[in-house]
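Subject: Structure handover

Hello,

As promised, here is the structure we talked about. Please open it alongside this message, and my notes on what turned up follow just below.

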Amino acid sequence: MYKRTEVEIGGRSMVFETGKMAKQADGAVVISCGETMVLVTVVAEKKEKEDMGFMPLTIEYQERLYAAGRIPGNYFRREIGRPSEKEILTSRLIDRPLRPLFPKGYRAETQLIATVFSAEAEIDPDILAMNGASAALALSDIPWSGPVAAARVGYIDGAYVLNPSKSQLAQSAMNLVVACSETAVIMVEGRTAELSEEVVLDAIFFVHREIQPLIAVQNALRAEVGKPKRSVTPPQVNEALKAQVEELAAAGMETVVATADKMERSRRYEALKDEVLANSNPELYKKADEVAELLDAYRKKVMRDRIVNQGIRLDGRSFDQVRPIQCEVGVLPKAHGSALFTRGETQALVVATLGSERDELHIEGLTGDVYRRFMLHYNFQPFCVGEVRALRGPSRRDIGHGTLARRGIEAVLPDSVNFPYTMRLTSEVLESNGSSSMATVCGGSLALMDAGVPIKAPVSGVAMGLIKEGDKIVVLTDILGDEDHLGDMDFKVVGTSSGIASLQMDIKIDGVSREIMGNALAQAKEGRLHILGKMEEALGIPRTEISDHAPRYVTIKISQDKIRDIIGPGGKIIRELTAEFDAKIDVEDDGTIKIFSKTNESAAALVARIEGMTAMPEIGRIYDGVVKTIKDFGAFVEILPGTDGMVHISELDVQRVNKVEDVLKEGDRIKVKVLDVDSRGRIRLSRKAVLEESNKA
């Protein structure tokens with residue numbers, strides 16, 4: 001049954017259509033705003049996989065370049081198999097508010113695909129894809145406790161703007177994506193220009209209030225054309241087995257959750273699992289997987305009870321305490337900048353590299369090519385958590401964590417006018433026990449300062465957690481990996497001493513209230529400032545000079561008429577200069593020349609060469625020249641590279657000269673004075689004038 005409905009959000013009409021396209025999917029919605037249109041489909045296998053220990057949900061967001069009237073620029077002229085960074089990040093945006101709302105025990109393999117069919121330059125499809133995904137699930141027979149709604153919020157001239165256009169975002173001090181249910185906030189992600197906690201909190205709940213019509217329209221659609229939901233049998237707990245497992249594990253579990261060291265805690269937990277199986281009746285061996293699941297649930301229960309009712313964390317810290325921090329800069333001798341940041345059992349080595357404009361990242365997007373002068377690459381290798389697995393390039397998690405860190409640091413970078421370098425940060429996570437992305441932020445800030453990048457202020461980040469048991473709520477600062485795994489929220493906040501630069505919140509419960517989020521932001525500020533203080537002990541401000549190993553950047557300006565002298569026929573001269581001085585040379589149409597060279601010496605030598613090649617002779621100035629050609633009437637002398645003037649025979653000497661060869665021969669070095677430059681650029685020189693001035697002296 002075809003159904004079309006629309007709702008106005010942020011001054012624009014958002015249209016939902018179903019029953020026209022992709023009718024064999026379990027749920028399908030075409031959602032559009034202006035000329036941007038996205039098809040979202042969802043399909044779930046009819047049979048559940050009972051033996052699967054997790055809910056198998058796959059989210060794929062894909063952009064087709066025909067949506068913007070473009071042909072792909074790669075060799076095959078089609079969208080390549082590997083998703084772009086934008087596609088991966090949008091897939092994660094869609095996934096995170098949806099996943100917590102599937103019922104426990106649901107094990108049917110589920111795939112949601114969002115395809116951009118049409119793209120208007122001013123309207124980003126990601127928000128449409130998020131709302132379309134919720135609507136498709138709501139209309140399908142797949143069990144799910146939505147709907148949810150999402151919107152972007154900007155902050156322009158002190159006012160919040162819902163779903164700002166791309167032009168408006170360029171002027172905005174905020175770019176946050178917020179996803180909400182009818183009663184609470186589920187997910188937050190984005191960046192701000194060092195805004196206060198109060199401004200950010202008000203923005204989040206401004207979105208929550210303004211997008212309620214999106215939830216209402218989805219509920220109305222579901223009531224009219226939605227399919228009956230499949231039944232899901234909640235997982236049944238064998239109470240007798242549960243009691244037996246908890247009795248056998250009680251004493252040992254207290255020891256496990258009281259062990260501060262991550263690897264030792266893991267070892268003791270595995271030993272406890274073996275002990276429970278070894279000391280129980282033989283029937284338990286046949287139920288080893290079920291025993292492991294019950295034991296994991298018991299560990300979660302004991303840890304959460306210890307935090308909520310006893311006020312004790314896994315490593316003994318108070319709720320608002322940050323783990324011990326060590327910072328070291330300049331750890332790699334050849335790198336342009338480097339920092340080793342360690343917080344507890346989490347450690348990141350972050351390396352800064354500077355390059356020229358040619359090193360910028362080129363991204364082919366829906367609405368045109370984008371060039372990024374700052375990159376941050378996050379590498380989470382298996383050894384950092386004591387594991388063995390194949391290396392297959394950056395995962396979606398790696399890209400997501402790297403983007404969060406990049407957004408936070410971007411807020412303090414110098415502009416290209418004052419610092420024209422391309423900048424790359426590479427984070428090698430060497431140890432991980434929670435919040436390695438925040439360690440990347442801290443290490444990245446230090447590495448940039450070590451490289452001499454004049455950032456506006458140091459940046460730090462901290463990950464906040466939440467344990468909610470009934471009416472009891474505990475907010476945790478600087479969470480461990482197990483506190484993240486067994487807790488209810490992962491809320492990462494990045495910022496300077498002045499305000500928030502970026503943030504990301506994921507939850508495992510139905511939502512969080514304004515009060516909880518406000519407490520988390522306030523506690524995060526205290527943690528962030530504490531970390532900044534520790535970082536300052538290692539390096540408080542950027543170094544005044546860039547690293548000796550970094551390339552040197554020099555800008556000079558020449559006459560536009562001289563550009564051809566630098567380029568040469570077919571680029572011959574500039575290629576020769578590039579090879580001779582091992583430099584990168586960019587010549588702009590207005591005569592600006594940008595030089596990137598490995599050393600100060602080579603940069604200075606190259607500048608001198610270019611200035612010599614492009615200098616204009618000054619009337620009255622004396623030059624040291626070389627005789628190039630002898631004629632009956634005089635000699636041609638090169639006074640600047642590629643610039644010759646003529647010395648008439650009458651201007652060769654103070655005495656009369658009968659024959660030019662009596663005074664000069666080709667290759668002689670002589671001093672000459674410029675007498676005149678005519679309208680055609682011809683230069684008249686005199687050796688006689690130099691001799692006369694010398695005699696007077």
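The side chains of Arg514 and Asp202 form a salt bridge, with N and O 2.4 Å apart. Arg514 belongs to helix 12 (residues 514-538) and Asp202 to helix 4 (residues 197-210), so this pair ties together parts that are 312 residues apart in sequence. Arg514 is partly exposed, at 38% relative accessibility, and Asp202 is partly exposed too, at 34%. Please keep in mind while you look around that this is a predicted model.

There is plenty more of this kind to look at: a search of the whole structure gives 51 salt bridges. As general background, side chains of opposite charge can pair when their charged atoms come close. Here are two further pairs that I followed up.

One is Arg372 with Glu85, where the closest N and O atoms are 3.1 Å apart. Arg372 sits in strand 15 (residues 368-372) and Glu85 in helix 1 (residues 85-98), so distant parts of the chain, 287 residues apart, are linked here. Is Arg372 buried or exposed? Its relative accessibility is 17%, and because buried means under 20%, Arg372 counts as buried. Glu85, with a relative accessible area of 30%, is partly exposed.

The other is Arg304 with Glu469, with 2.6 Å between the closest N and O atoms. Arg304 is in helix 8 (residues 288-310) and Glu469 in strand 18 (residues 460-469), so parts that lie 165 residues apart in sequence are tied together. Arg304 is buried, at 5% relative accessibility, while Glu469 is partly exposed, at 38%. Beyond single pairs, Asp315, Arg317, Arg323, Arg343 and Asp478 are joined into one network by salt bridges that share partners.

On to the domains. The protein is divided into domain 1 (3-225), domain 2 (239-310), domain 3 (325-538), domain 4 (552-614) and domain 5 (621-695). Between the C-alpha centres of domain 1 and domain 2 the distance is 40 Å.

Next, the sheets. How are the eight strands of the open antiparallel sheet ordered? The order is 8-7-9-10-21-20-18-19. Strand 8 (159-162) and strand 19 (472-477) are the edge strands, each pairing on one side only. On average, neighbouring strands in this sheet are turned by 20° against each other, direction ignored.

At one edge of that sheet, strand 7 (residues 149-156) and strand 8 run antiparallel and are joined by four bridges. Tyr155 stands opposite Tyr160 in strand 8. The two strands make a hairpin with two residues between them, and Asp157 in the turn has a positive phi of about 55°. At the other edge, six bridges join strand 18 to strand 19, again in antiparallel fashion, and Met464 faces Thr477 in strand 19.

Another open sheet has five strands in the order 11-12-13-17-16, with mixed pairing. Its edge strands, each paired on one side only, are strand 11 (325-329) and strand 16 (374-380). The twist from one strand to the next averages 15°. Within this sheet, strand 13 pairs with strand 17 (residues 422-431) in the antiparallel sense over nine bridges, and Val351 stands opposite Thr426 in strand 17.

Thr346 is worth a click as well. This residue lies in strand 13 (residues 346-355) and is buried, with a relative accessible area of 0%. The side chain of Thr346 reaches the backbone oxygen of Gly434 at 2.8 Å.

Last, helix 2. Which distance should the 15 residues of helix 2 (residues 125-139) span? At 1.5 Å a residue the expected span is 21 Å, and the end C-alpha atoms are 21 Å apart, which agrees. Helix 2 is mostly covered, with 15 of its 15 residues buried. At the start of helix 2, a side-chain oxygen of Asp124 comes to within 3.0 Å of the backbone nitrogen of Asp126.

Happy to go through any of this with you.

Best wishes

How values were computed:
Residues numbered from 1 in each chain as written. Predicted model: local features only at pLDDT ≥ 70, side-chain atom pairs only at ≥ 80, totals over all residues. Heavy atoms only, no water. Domains from an automatic or database assignment. Salt bridge = Lys/Arg side-chain N within 4 Å of Asp/Glu carboxyl O. Buried < 20%, exposed > 50% of the residue type's maximum accessible area, 1.4 Å probe, protein only. Expected span 1.5 Å × (residues − 1). Polar contact = N/O pair within 3.5 Å; in protein donor to acceptor, adjacent residues only side chain to side chain. Pairing = 2+ DSSP bridges. Axes fitted to C-alpha atoms, helices over the stretch in contact; angles between N-to-C directions.
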